[in-house]
Amino acid sequence: MTTHKFVSTTRITVGAGVKAYEVTVGRSLAGAIVSAVPAHVLRVLVVYQEPVEQLARELTMALESDGRKAFRVAIPDAEQAKGIDTLAELWRVLGTNDFTRSDLIIGVGGGAATDLAGFAAATWLRGIDVIHVPTTVAGMVDAAVGGKTGINTAEGKNLVGAFHEPLAVFADLDALDALPAHDVSAGLAEVVKAGFIADERILEIIEHEPRRVRNTRTPEFEEIMTRAIRIKADVVSDDLTEKGRREILNYGHTLGHAIERHEQYTWRHGDAVAVGMVFAAELSHRTGHLSLGLLERHRSILESLSLPTCYREGQFGALREAMARDKKARGEMLRFVILEAVGTPIRLEGPEEQLLEESYRAIAA
Ligand SMILES: NC(=O)c1ccc[n+]([C@@H]2O[C@H](COP(=O)([O-])OP(=O)(O)OC[C@H]3O[C@@H](n4cnc5c(N)ncnc54)[C@H](O)[C@@H]3O)[C@@H](O)[C@H]2O)c1
C-alpha cells in the first residue's frame, strides 16, 4: 500500500475557559494519546470495539510502559453496546479495579463506543475524565465532538444520557484504513451537511474530486474531514448544552431520524441523513427560500458519493408520525432546519402539511 504523510497535525479547540479541549486530527497518534493522559492518572480503562482491537492493544501497552495500570474491555458491536448491560459491565470493571475520581476512561471506536465510554465516565463517581478516540468517519466528525454521551433503552435510542465534555479527542485517520467503503460514504453525509450549513469549500472539494474524497488516504479526504470537525467544534463551542445554535447541526435529521426509526435502525445514519437533506432542501425550495440550483446541488453531490437521495413511495403517513415523535419536536409542531443559501441555515416551524407531502413526493421513488 502506498502511504503519504499527513501534511500536519491539526488541533481544533472546542469550548472556552477551563472546560475547553482539543480535537487533534492527524495520523499515527498513539503516542500523542498516551501523552495526553494527565500525570495524576493511575488507572485507565480502554473501552473498544472489536475491529479496532489492534489500536486498543497498542494503547494499553503504551500506557503500561508509561507506568499506568491499563485495562481493556471489548464491547458488543454497534448499537448492542449502548445498553444498560454493557454499561453495568463497565461499572463492574471500574469498581473491582478501584477506579477513583482521578482515573480515566478512553473510548476507542465508532460513535456507539464513544457514546458509551463517555456515559460510563459521566456516571462513575459522578464524573471522571474521558478521552475519545473515534475510529469511524461519523465518530470523528460528529459523535466524539460536543460532549453528548448516552445509551439506549427499550423505549428508544439515546433517551438516557449526559453532557460530559471529554478531556481530549484524537481523530487518527490511520484508524480508518479498514473501515468498509459504505461506512466511509455514510459518514461523509455528515461532512456534506457541514458543507451546506457552514462551509462551501467542502462542497467544492467534493464536486471537484468525488472519487478521491472517498479514499481515506488522500489529502482531499483529510481536508474535508478537518473542515467538518472544525464546523462541529465551532457550533458546539457556541452552544455547549444544545439550547440554540447547535440546532443547525440537525439539517437533514428530522426526516433522517424518522427514516431510521421507520426502518428499525437497519439503515446507516448517514444514508438516512442524506435522504433527509434532500427532503429539507425540497422544503427549503418550496417555502421560497432555496434556489432550484442549490436544491439540485444536494442531489448531485450526494449521488457523487453513492449516497441515497430518495425513499420508498407510499410511506408519508408513517414518516410524518415518526417525525412528530422526534425528541427534538416541540409538542405537535414539527421543526426543521432549512437553508436559504449555502452557509445560511434557518429554522422552519410547523410548515403546511401540503408542502411536507409535496416535498415527500419529490423524494419518493
Ligand atoms: N454523541 C453524539 O453527539 C452523537 C452524534 C452522532 C451519532 N452518535 C451516535 O453514534 C453512533 C453511530 O456512530 P457510528 O456510525 O460510528 O457507528 P458505530 O459505532 O456503530 O460503528 C459502526 C461500525 O463500524 C465498526 N468500526 C468502528 N471503527 C472501525 C474501523 N476503524 N474499521 C472497521 N470497522 C470499524 C464498529 O464496530 C461498528 O460495527 C450511534 O449510536 C449514534 O447515536 C452520537
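Visitor: How does α6 pass α8, in a left-handed or a right-handed crossing?
Guide: Left-handed: that is the sense in which α6 goes past α8. Bear in mind that this is a predicted model.

Visitor: And what makes α6 and α8 oblique to each other?
Guide: Two packed helices are described by the angle between their axes and the distance between the axes. Here the axes come within 9 Å, and they cross at roughly 60°. Roughly perpendicular would begin at 65 degrees, and roughly parallel needs an angle under 35. Neither label fits, so α6 and α8 go down as oblique.

Visitor: Why is α6 said to be largely enclosed by the rest of the structure?
Guide: Count the buried residues: 15 of the 18 in α6 qualify, so the helix is largely enclosed. To be buried, a residue needs 20 or more other C-beta atoms within 10 Å of its own.

Visitor: How do you know that the length of α6 is close to what is expected?
Guide: Helix α6 covers residues 181-198, and its first and last C-alpha atoms are 26 Å apart. At 1.5 Å a residue you would expect 26 Å, so the two agree closely.

Visitor: What about α3, how does its span compare with 1.5 Å a residue?
Guide: The 13 residues of α3 should span 18 Å, and the end C-alpha atoms are 18 Å apart, so that agrees. Just after α3 comes aspartate 98, with a positive phi near 60°.

Visitor: Glycine 95 sits in α3 too. What makes glycine 95 exposed?
Guide: Glycine 95 has 10 other C-beta atoms within 10 Å, and the cut-off for exposed is 12 or fewer. So exposed it is. Its C-alpha atom is 22 Å from that of leucine 59, 36 residues apart along the chain.

Visitor: Is glycine 244 buried or exposed, and how do you know?
Guide: Glycine 244 has 10 C-beta neighbours inside 10 Å, so it counts as exposed. You'll find glycine 244 in the loop between α8 and α9. Between the C-alpha atoms of glycine 244 and threonine 96 there are 41 Å, with 148 residues separating them along the chain.

Visitor: Why is leucine 176 called buried?
Guide: Leucine 176 has 22 other C-beta atoms within 10 Å, and 20 or more is what the label asks for. So leucine 176 is buried, although it lies in the loop between β9 and α6.

Visitor: What is the sign of phi at asparagine 158?
Guide: Positive, at about 55°, although asparagine 158 is not a glycine. Most residues other than glycine have a negative phi. Asparagine 158 belongs to strand β8.

Visitor: Why is asparagine 158 called partly exposed?
Guide: Asparagine 158 has 15 other C-beta atoms within 10 Å. Exposed stops at 12 and buried starts at 20, so asparagine 158 is partly exposed.

Visitor: How do you know which label serine 306 gets?
Guide: Same recipe: serine 306 has 15 C-beta neighbours inside 10 Å, so it counts as partly exposed. Serine 306 is in the loop between α11 and α12, and its phi is positive, near 60°.

Visitor: Last stop, the ligand: how many residues surround it, and which are the closest?
Guide: There are 29, and Pro51, Ala78, Gly110, Gly111 and Ala112 are the closest. By kind, the shell has eleven nonpolar, ten polar and eight charged residues. Among the elements supplying at least two shell residues each are α4 and β8.

How values were computed. Residues numbered from 1 in each chain as written. Predicted model: local features only at pLDDT ≥ 70, side-chain atom pairs only at ≥ 80, totals over all residues. Near = placed C-beta within 6 Å. Helix = DSSP H or I, 4+ residues; strand = E, 2+ residues; numbered from the N terminus. Nonpolar A, V, L, I, M, F, W, Y, C, P; charged D, E, K, R; others polar. Axes fitted to C-alpha atoms, helices over the stretch in contact; angles between N-to-C directions. Parallel < 35°, antiparallel > 145°, perpendicular 65-115°, else oblique. Left-handed = near helix turned anticlockwise from the far one by under 90°.
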